[in-house]
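Reader: I have a list of "why do you call it that" questions. Can we go through them one by one?

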Amino acid sequence: MFKKTLISLILAAGLAFGASASAETKVGFVYVGPIGDHGWSYQHDQGRLAVEKELGVKTSYVENVPEGADAERVIRQLASSGHNLIFTTSFGFMNPTVKVAKQFPNVKFEHATGYKRADNVATYAARFYEGRAIIGTIAGKMTKTNVVGYIASFPIPEVIRGINSFTLAMKKVNPEAKIKVVWVNTWFDPGKESDAAKALIDQGCDILTQHTDSPAPLQVAESRGVYAFGQASDMKAFAPNAQLTSIVDNWNDYYVAQTKAVMDGTWKSMDTWGGLKDKMVEMAPYGDAVPADVRAMADAVKNGILDGSFHPFQGPIKNQQGELVVKEGEVLSDKELVGMNWYVEGVEGSIPK
Amino acid sequence: MEMIGPALLTIITAATPLLFAALGEMVTEKSGVLNLGVEGMMIMGAILGFVAVHFTDSVTVALLVSILAGSAMAALFGLLVLKFHASQVPTGLALTIFGIGLSALIGQSMVGIAYDGLPKLSLPVLSSLPFIGDVFFRHDILVYLSLIMVFVIYYFLNKTRAGLILRAVGDSHDAAHAMGYPVVKIRFLAILFGGGMAGLGGAYLSLAYSPLWVEQMTAGRGWIALALVVFASWRPGRVLLGAYLFGGITILQLHAQALGIGVPSQVMSMLPYLATIIVLVIISSDPGKIRLNAPASLGRPFHPSR
């Protein structure tokens with residue numbers, strides 16, 4: 001809150017000197033959470049630091065911006081204070097971004113995880129489901145109890161896609177393995193996330209994975225002697241023995257490339273959905289507990305995705321009711337993936353409405 | 001049956017931070033002061049406790065620092081509302097916002113650092129009992145302390161003269177003042193006590209519950225604690241019951257989901273708040289039921305001149 005005020009002041013000052021500063025490139029970032037979350041917003045801020053370091057341009061950021069009317073005000077302040085490129089890094093910033101973009105045709109906007117574009121609004125997201133296929137493979141091979149726990153946040157396509165990708169990969173290497181999904185209805189509550197982890201372990205899960213942002217479940221896994229996968233950043237410091245690997249968000253290259261495009265005048269509005277190939281999704285080094293044959297299998301999945309010979313959602317895929325949804329030899333299109341709201345066969349329970 | 005033990009263990013950890021914060025706030029409110037800054041005091045206890053354990057490696061120091069951190073925040077609140085007669089509600093809200101911001105600032109270099117968690121103390125003899133020993137007698141010191149505090153506070157409020165005076169100040173500060181009791185001093189001490197307890201609740205989060213530091217890690221538990229005081233109608237025993245009930249609901253819904261029982265998780269998440277609203281409705285529909293417990297001067301400023 002303090003920081004926000006401080007930045008507002010800086011922005012106001014920037015406004016006063018706006019005319020003189022307009023020649024140089026300035027990049028603004030809007031974060032939904034604190035940069036100290038060690039997860040989503042933290043990784044975006046790493047991208048901002050990369051831009052500063054590699055291109056030497058000025059950047060500014062506003063953290064903890066609620067997804068609502070406040071967001072529009074913050075984005076407008078950035079736009080009117082000499083920023084040429086503004087990244088808004090949460091789904092809920094979509095409408096405010098588009099609205100402000102109309103009023104500032106000369107400023108370029110980049111909105112993460114959304115689907116509305118304009119001449120000066122580009123969208124970008126990462127194919128985290130590719131990483132989920134890799135960790136699903138590892139989980140299927142390494143579970144002893146054949147029960148794997150999944151801590152989920154909110155029932156949106158992004159999360160459901162991850163559960164499906166994980167389940168398909170796990171079932172492929174171990175048809176006996178089962179998945180237990182627990183919804184915690186929060187992106188970020190270390191206490192509740194660790195409660196969910198404990199509940200899953202108590203019910204026989206010996207491997208945990210999460211789609212929430214804090215390292216708390218990994219700590220629980222470490223203290224209970226089970227395995228887990230990190231989320232958003234490498235969380236090995238919290239679970240040196242328990243972390244098998246981690247799906248790491250990497251926005252650095254994308255942010256640097258887009259900033260450079262603005263500087264060169266080659267920036268165009270487009271939709272980027274980057275994955276392992278674009279290094280937007282990366283895997284942390286395998287933990288010591290992952291045996292060589294499992295590493296080989298996980299690498300095979302990874303290389304298959306990289307060279308295009310494997311797709312996490314390639315047919316045949318059945319839905320929960322056992323109906324064939326994707327035929328052999330076909331893959332789900334990006335359009336279907338973006339709006340995914342159904343479970344594949346093998347996931348138990350139903351999606352909360 | 002084998003599920004019950006682990007579930008109970010988790011319920012105890014979920015309830016402990018709520019119990020600390022709510023007990024502290026209850027004593028503060030019993031003296032007639034409404035401090036909405038519980039969340040801010042908790043988070044300061046959480047960060048400074050974590051910083052202390054990181055640099056000194058001493059649990060004792062960390063817990064003392066947490067108590068001091070919560071009390072220092074409370075002292076600021078006390079100064080504003082008692083000395084400068086600031087309105088209690090906005091001052092408390094400001095304290096929460098201030099605490100969240102300040103803790104984030106202090107904690108910048110603490111993100112990404114791990115801590116092993118408070119050591120577990122197994123009580124001799126008792127902990128070797130089958131089942132009961134595992135569930136009830138192998139916890140860290142804060143769990144035991146929170147339960148002891150329920151009895152201490154009950155005894156203090158109901159069986160001691162000092163407790164009677166505190167309640168008198170909360171019920172009618174004018175009458176207490178007329179009888180020569182130092183109203184402001186008593187309230188200040190009650191506020192400090194509430195802050196210290198909230199600090200311990202925060203320390204439990206960052207040292208035992210999920211031993212790490214991340215911004216805003218209290219995630220609204222201070223507000224649940226505030227609701228809990230009303231839910232418990234200002235009685236220590238019911239605060240205990242309510243904390244374990246609220247903690248229990250959270251844990252049981254997670255277990256129900258993992259078992260595949262189809263309860264909408266959103267409904268379970270809102271149950272603690274729903275329960276509080278129902279209690280509030282009961283209170284306002286029949287004030288007589290509650291009047292004996294609710295501090296009559298709650299939230300009213302005290303001017304000794306009048």
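Author: What follows is a back-and-forth about a predicted model.

Reader: Start with confidence, then. How do you know how far to trust chain A and chain B?

Author: Set the pLDDT values against their 0 to 100 scale. Chain B averages 88, with 95% of the residues at 70 or above. Chain A has a mean of 89, and 93% of its residues reach 70 or more. One stretch to treat with care is residues 12–22 of chain A, where the pLDDT is below 50. Beyond near neighbours in sequence, that stretch has 3 contacts in the model. For the complex, the predictor gives an ipTM of 0.77 and a pTM of 0.81.

Reader: Which helix of chain B has the lowest confidence, and which the highest?

Author: Helix α13 (residues 287–291) of chain B is lowest, at a mean of 62, while helix α3 (residues 59–83) of chain B is highest, at 96.

Reader: What makes the meeting of chain B and chain A an interface, in numbers?

Author: Contacts and buried area. There are 35 residues of chain B in contact with 35 residues of chain A. The area buried between the two chains is about 2,900 Å², and carbon and sulfur atoms give 58% of that. B:Glu215, B:Leu254 and B:Ala258 supply 19% of what chain B buries against chain A, more than any other three residues.

Reader: Why is the pair B:Arg221 and A:Asp189 called a salt bridge?

Author: The cut-off is 4 Å between a side-chain nitrogen of Lys or Arg and a carboxyl oxygen of Asp or Glu. In B:Arg221 and A:Asp189 the closest N and O atoms are 3.1 Å apart, so the pair qualifies. The rule finds 1 salt bridge across this interface. It also finds 8 residue pairs in polar contact there, both partners at pLDDT 80 or more.

Reader: Which helices of chain B supply at least two residues each to the side that touches chain A?

Author: That would be α1 (4–30), α4 (88–106), α11 (236–258) and α12 (265–285) of chain B. The largest share comes from α11(B), with 7 residues. By class, the side of chain B that touches chain A divides into 20 nonpolar, 13 polar and 2 charged residues.

Reader: Now inside chain A. What makes you speak of two domains?

Author: The domain assignment does: domain 1 (2–127 + 251–274) and domain 2 (128–248 + 283–338) of chain A. Their C-alpha centres lie 31 Å apart. The contact takes 9 residues from domain 1 and 17 residues from domain 2 of chain A.

Reader: And how much area do the two domains of chain A bury between them?

Author: About 1,100 Å², with 61% of it on carbon and sulfur atoms. A:His38, A:Arg127 and A:Trp273 supply 55% of the area that domain 1 buries against domain 2 of chain A, more than any other three residues.

Reader: How do you know that A:Arg127 and A:Asp334 meet in a salt bridge?

Author: Same test as before: the N to O distance is 2.9 Å, which is within 4 Å, so the name fits. Between domain 1 and domain 2 of chain A the rule finds 1 salt bridge. The count of residue pairs in polar contact between these domains is 4. On the domain 1 side there are 4 nonpolar, 3 polar and 2 charged residues.

Reader: What about A:Arg76 and A:Glu72, and why are they about one helical turn apart?

Author: Their side chains meet in a salt bridge at 3.0 Å, N to O. They are separated by about one helical turn because they sit 4 residues apart in helix α4 (residues 69–79) of chain A. Over all chains, the structure holds 13 salt bridges.

Reader: Any backbone oddities? What makes the bond between A:Gly315 and A:Pro316 cis?

Author: Its omega is about 0°. A:Pro316 is in the loop between α11 (292–307) and β13 (317–318) of chain A.

Reader: And what is the sign of phi at A:Thr113?

Author: Positive, near 65°, in a residue other than glycine. A:Thr113 is in the loop between β4 (108–112) and β5 (121–126) of chain A.

Terms used. Residues numbered from 1 in each chain as written. Chains lettered and ligands numbered in written order. Heavy atoms only, no water. Contact = heavy atoms within 4.5 Å. Buried area = accessible area lost by both parts, 1.4 Å probe. Polar contact = N/O pair within 3.5 Å; in protein donor to acceptor, adjacent residues only side chain to side chain. Nonpolar A, V, L, I, M, F, W, Y, C, P; charged D, E, K, R; others polar. Domains from an automatic or database assignment. pLDDT = per-residue confidence, 0-100.
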